Amino acid sequence: MLVLVDDLLDFAGMQAGKFGVSPAETDYPAYVEETVASFLPTAGEKGILIESSVEVPMRVWLDHRRIQQVIANLLTNAIKFTQAGGQIRLRAFVEKNQLITEVSDNGIGISPEGLPKLFVPFKQLDMGLTRRARGVGLGLSISKAIVEAHRGSIEAQSEFGKGSTFTFRLPLA
């Protein structure tokens, strides 16, 4: 319930134009690993393996709390839509002056028609499935706003029945 309230407050702030980020120098590998570790018990209960590989050799400037929120949203969705025995992989690396973070799963995937709707507030793709998995459709739209506030981008690739990969890119400079 607290997550829902926080999401609604974030969304209201975004709608009112009162949403921003406060970048600071950050040890990205340390806090990504901390975030992943916090999801291991939930994934373990569902029989899902989470692996991570963070190859970011320098400190980066970003809003630690907000980017952690993006990673948490992506991991939450991956766990929701991956069956028992499935796998989630988080990779972070630097390429062409960008910090790139990917969260991939071998879950149920998303249909081609559903991909354009992913980042729309309050939009859920399959109401029967998302009701079982719980959610109101704000996590990805909030994640998009956070990434864009960092002057970055977020995208999804998926194959229905085979899994999804969400990638966000943040400029290093």
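Two strands count as paired if DSSP finds at least two bridges between them, and strands here are DSSP runs of E with at least two residues, helices runs of H or I with at least four, numbered from the N terminus. Keep that handy for the tour. You're looking at a predicted model, where local features need pLDDT of at least 70, side-chain atom pairs count only at pLDDT 80 or more, and totals for chains, interfaces and linings use all residues. Residues are numbered from 1 along each chain as its sequence is written, and side-chain values use heavy atoms, with hydrogens and water left out.

**Whole chain.** Color by secondary structure: the protein chain has five helices and seven strands, running α-β-α-β-β-α-β-β-α-α-β-β from the N terminus.

**Strands.** Select residues 87-95, strand E4, and add 49-55, strand E2: these two pair in the parallel sense over seven bridges. Zoom in on valine 54, whose bridge partner in E4 is alanine 92.

Next, add residues 98-105, strand E5, which pairs with E4 in the antiparallel sense over eight bridges. Which residue in E5 is the bridge partner of glutamate 95? Click on glutamine 98. E4 and E5 form a hairpin with two residues between them; in the turn, lysine 96 has a positive phi of about 50°.

**Burial.** Switch to a surface view. Of the 173 residues of the protein chain, 43% are buried (under 20% relative accessible area, 1.4 Å probe, protein chains only; exposed is over 50%, partly exposed in between).
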